[in-house]
Amino acid sequence: MPLFLKRFILAIVLLSNANCLVFKESEFDPNSDFSNLLKLFAYLNRKTYEVTLELSYRNAGVPMAYQTFVTVAAVSENFELPEIIEERILDSPDYRHISGHFQSEKANFNITLATIGKYRLDYYTISGGITFHGSQLIEITDILNPNINILSTKLKISDHSITLIGIVRNELSDKRLLPGTEGIESIGYYDGKHYFYGSFLDPSKFTVHSNRYTVGYFSKIVWFDEQTSIWESVTIPNASSLEVITIDTSTTDEILISLSKPFYQDGRIHIYLTEVRRINIAGNTTENFRNIRLISFATGNSKELLIENISLRGLGKNALIDSNSFLFSGEFIYVENENNVASTEEYRRDNNFLRNGSTNSPIGNSTPDFTYFPGITLAESIFSRNGSLFRDLGGSQYRSLNSSFATVDGTYSHQVNMDASSAFNLYGNPYKFLLFESETNNKRYRITASNSDQTSGNILFEAANATSPKNYSSAISFYGMVFSSSRSFISINVDNTEPYPLIRLNHSNNQFTDISPIPTARIEESIPNFQYEFSDSLKDQCTLSEIKLLCVYQVRTQYSPNQSLGTYRSTFYVFTESTDGTNWNQYQKIEPVNN
């Protein structure tokens, strides 16, 4: 042992207790006073380290075909597993619930523990209902030099087995392995940063009893700074009441968290989080909207979140319809109703995002022209351009809304139709009008751009600004778009087959370029029989600046083709980026610097 460490330990004892222990430096047996003193030193510093176990749970050597999870409870020193094993009782004084875990992307469990002692691990699968499979009793005997004793394993099915893959010591850090990803959505690119909203499993809120289990989540704002090339994140605090989802497999009783699209104004991003309890009994679904919170932050200091509880203003109204809200003419326009019942909808406007003291007034259902603008989830079909808001009405007609909330109807057409069966849809962004044309006779589609500044009358799309017609077999749709001032990237759903084709539009000359789909990732070492795939949603997963297109994905894995993707929960997100949409960087794990 280094001399400085001996002196340091001795100084601590002398300062804390005049009756210090007497020991010989030669005493190194495990039960000596000196060894006990070292254990005390480790105990006093126990929060500096933790251990992570990686356990493999298999059926005849193969990963479980269904979602499998384990719950962890601390037990007393004299605890033993009973001869006839049953699932533990949550409120028993013999147990202290620690955590719960789904399988990771490798179909293993990663369990983190911070103190020595005995723990009971209970294993379950979810297939229709919850099935208890057995328990394991383990003991962590050392944190500094990680050591584990597996004291007992009792499983109900003989072909099931549990294997310890490894145990490692981790120094507590803000860059810990995340406990499991649940989903990620793009917020947008603002002021030099690419923003995303991610949900992560909270192991401490994962419990199970009988046919009911509770899964807890915590939420983060995650962003990539283009100047520093560093990922950072901030956890949304004090939101536990919004993030516990209770699932009853007998009735489908769950708490859902919905995230609104972002609203950017004057250097701040605003996002609404809504909590909804949904109960489905015998096919009858009821929804009860509970809480709505407004989260806002300045792009210059994204780690300082302002979280505010808000109240809707209409009598008896409790639901903010996220897909029906937008910013227009300096006001927040939105729809509220009672428990998502359409007949109770009311259209309103607010000058400060529903904060206390804001000016709020109904627009009213008596204005049918206005009702064409809320009520659609595809942001590309309702868009702002030239100071007006546009909405495609179908049938080559559109409606625009000016800053005085007056509406004007107009039409759109193509200079040369592909054929008589052509169907049209108007899309756009602040920089371009886009016409998506498809025909049923010859199964072809094309896109045309227009520089028109019109807010009324006929918008004419010229053939010179169109892509060449492309073929499809059964289904075709405009799937998503991201844009900057100089270019747009457009995703087309061709025959419902991923990955979807990408098209780049140069705004300066209306030139379209076909580019390769976002590549499939290869980010982990090769694992036999495992497949890694990604959800291909350009508008939900990607952000665009003048410099780069950046896309973030949750990894979905399966062990064999007979399993559904998502059977295993990845412990990380990955990202890739491209300057032109053609040449992509290799996928990398996101390791944000957390607060």
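# A tour of side-chain contacts

Begin by selecting Y264, which at 32% relative accessibility counts as partly exposed. The structure on screen is a predicted model, and each stop below should be read with that in mind.

Now add Y190 to the selection, a residue that at 17% relative accessibility counts as buried. By the ring-pair rule the whole count comes to 29 aromatic pairs, and Y190 and Y264 form one that is stacked, with 4.6 Å from centre to centre and 15° between the planes. Y190 belongs to strand β10 (residues 181-190) and Y264 to strand β16 (residues 263-265), so this pair ties together parts that lie 74 residues apart in sequence.

Next, select F224 and W231, whose rings form an aromatic pair that is tilted, the centres being 5.3 Å apart and the planes at 55°. F224 is buried, with a relative accessible area of 3%, and W231 is buried as well, with a relative accessible area of 7%.

For a group of rings, select F69, F102, Y124, F132 and F206 together, since ring pairs link these residues into a cluster. A ring can also meet a charge: select R385 and F433, and you will find the charged end of R385 over the ring of F433, 4.8 Å from the centre of that ring.

The tour now turns to charged pairs. Side chains of opposite charge can pair when their charged atoms come close. A search of the whole structure finds 14 salt bridges, one of which appears when you select K118 and E80, where the side chains meet at 3.5 Å, N to O. This pair links distant parts of the chain, with K118 in strand β6 (residues 117-127) and E80 in the loop between β3 (67-75) and β4 (96-102), 38 residues apart. K118 is buried, with a relative accessible area of 11%, whereas E80 at 52% relative accessibility counts as exposed.

Move on to R348, which forms a salt bridge with E346, their closest N and O atoms being 3.0 Å apart; R348 counts as buried at 8% relative accessibility. Then select E437 and R446, whose side chains meet in a salt bridge of 2.7 Å, N to O, and which are both buried.

Finish at C542 and C551, which form a disulfide with their sulfur atoms 2.1 Å apart. A search of the whole structure finds 1 disulfide. With 110° about the S-S bond, the link of C542 and C551 is right-handed, and both cysteines are buried.

Definitions and conventions: Residues numbered from 1 in each chain as written. Predicted model: local features only at pLDDT ≥ 70, side-chain atom pairs only at ≥ 80, totals over all residues. Heavy atoms only, no water. Disulfide = S-S within 2.5 Å. Buried < 20%, exposed > 50% of the residue type's maximum accessible area, 1.4 Å probe, protein only. Phe/Tyr/Trp six-rings, centres within 6.5 Å; stacked < 30°, edge-to-face > 60°. Helix = DSSP H or I, 4+ residues; strand = E, 2+ residues; numbered from the N terminus. Lys NZ or Arg CZ within 6 Å of the ring centre and 35° of its normal. Salt bridge = Lys/Arg side-chain N within 4 Å of Asp/Glu carboxyl O.
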